[in-house]
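Student: I'd like to zoom in on one salt-bridge partner and follow the thread from there. Could you walk me through it?

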Amino acid sequence: MLSTLLRLSAAAALAFASTAAHAACTPGITDDNLIAPGKLQLSINPTNPPQQFVDKDGQLQGLNVELAAELGKRLCLPVELVRMDFPAMIPAMAAGRIDGIDTGMFWTEERSKLMYMVPYAIQAISVVVAPDSGTKIATENDLIGKTSAVEVSTYQMNWLKKLSDASVAKGGAAVEMRTFPTATNVVSALLAGQVDNALLVDSVARDLTGRGRVKEVLSGLGTARTTLGFRNKTVVDAVVKALNAMRSDGSYQALFDKFGLTSMPGRSAACDRRPGSGLIPTETSR
């Protein structure tokens with residue numbers, strides 16, 4: 001099933017630059033450190049605007065898309081984005097089908113033991129309801145006893161489960177959680193009246209709220225770092241070097257300003273071994 005998904009995804013992958021475009025410079029990563037010679041393959045789930053999405057012409061757009069393109073330029077290496085749903089990404093990387101993950105993945109202790117993670121942004125969870133909904137949710141405890149939609153195998157799903165389990169342990173009610181494969185499916189279920197509310201990454205919630213698709217009623221839950229993920233130490237070291245160069249010349253912050261997302265605070269650091277690596281701040285206000 002996974003191999004079938006990957007074959008289908010590869011057929012829809014977007015290559016940011018041809019090998020010919022990089023012929024004049026020396027690649028920052030050698031072929032023996034790549035899954036496929038001559039290119040860096042990263043998975044992406046383009047259902048989370050403004051991080052990553054597909055425009056009306058079927059083209060990939062968003063912060064993570066442009067970040068991958070810029071990394072490719074600095075690494076002198078074509079970057080190919082392979083579209084797939086998030087639950088398949090970590091198994092695909094572990095099986096040696098892709099070099100890394102570029103989809104705004106939240107950092108967790110469990111994930112940090114499975115891969116080299118490069119934190120590069122700050123995000124949180126928002127709760128949204130249908131635009132005409134009268135549902136009142138003022139605090140996270142107001143989710144208890146309600147039906148919530150959430151993307152499967154995600155940070156927000158695990159956060160909601162912990163909230164529900166804590167309530168049950170105290171003798172209270174649980175959250176009735178319904179999971180869906182993508183954020184698009186989550187919103188569709190919400191608008192169809194199948195659930196009382198939905199949990200989304202805050203940047204996605206803001207984008208949908210701005211377009212009148214949903215109403216944000218609570219934000220700032222479970223604030224955490226979001227990361228790139230990689231399987232190879234040489235690859236991650238090269239990526240961190242490129243990201244740090246972006247921070248130094250201002251292009252990193254300009255990218256976050258363009259899309260209205262929250263950049264990593266503090267100073268950049270060299271990549272360390274698991275758990276945790278990459279753009280680890282020495283100081284943070286969050």
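Student: What is the relative accessible area of Lys233, and is the residue partly exposed or not?

Tutor: Lys233 has a relative accessible area of 25%, and that makes it partly exposed (buried is under 20%, exposed over 50%, partly exposed in between, with a 1.4 Å probe and protein chains only). Quick caveat: this is a predicted model, so local features need pLDDT of at least 70 and side-chain atom pairs count only at pLDDT 80 or more, while totals for chains, interfaces and linings use all residues. Residues are numbered from 1 along each chain as its sequence is written, and side-chain values use heavy atoms, with hydrogens and water left out.

So who does Lys233 pair with? Its side chain meets that of Asp237 in a salt bridge, 3.0 Å from N to O (that term means a side-chain nitrogen of Lys or Arg within 4 Å of a carboxyl oxygen of Asp or Glu). Both residues sit in helix 8, 4 residues apart, so about one helical turn separates them (helices are DSSP runs of H or I, at least four residues, numbered from the N terminus). Asp237 comes out at 33% relative accessibility, so that partner is partly exposed too.

Now look at the network. Salt bridges with shared partners link Glu70, Arg74 and Asp249 into one network. Within that network, Asp249 bridges to Arg74, and their closest N and O atoms are 2.7 Å apart. Asp249 belongs to helix 8, residues 233-249, and Arg74 to helix 2, residues 63-75, so this pair ties together parts that are 175 residues apart in sequence. Put that beside Lys233 and Asp237, which are 4 residues apart inside helix 8. As for accessibility, Asp249 is partly exposed at 46%, and Arg74 is partly exposed as well, at 31%.

One more pair is worth clicking on. The side chains of Glu176 and Arg178 form a salt bridge with an N to O separation of 3.0 Å. Glu176 counts as partly exposed at 41% relative accessibility, and Arg178 lands in that class too, at 34%.

For context, searching the whole structure turns up 10 salt bridges. Among them are the Lys233 and Asp237 pair, the Asp249 and Arg74 pair, and the Glu176 and Arg178 pair. If you're colouring your view, start at Lys233, which is partly exposed, and then pick out Glu70, Arg74 and Asp249 as one network.

Notes
Helix = DSSP H or I, 4+ residues; strand = E, 2+ residues; numbered from the N terminus.
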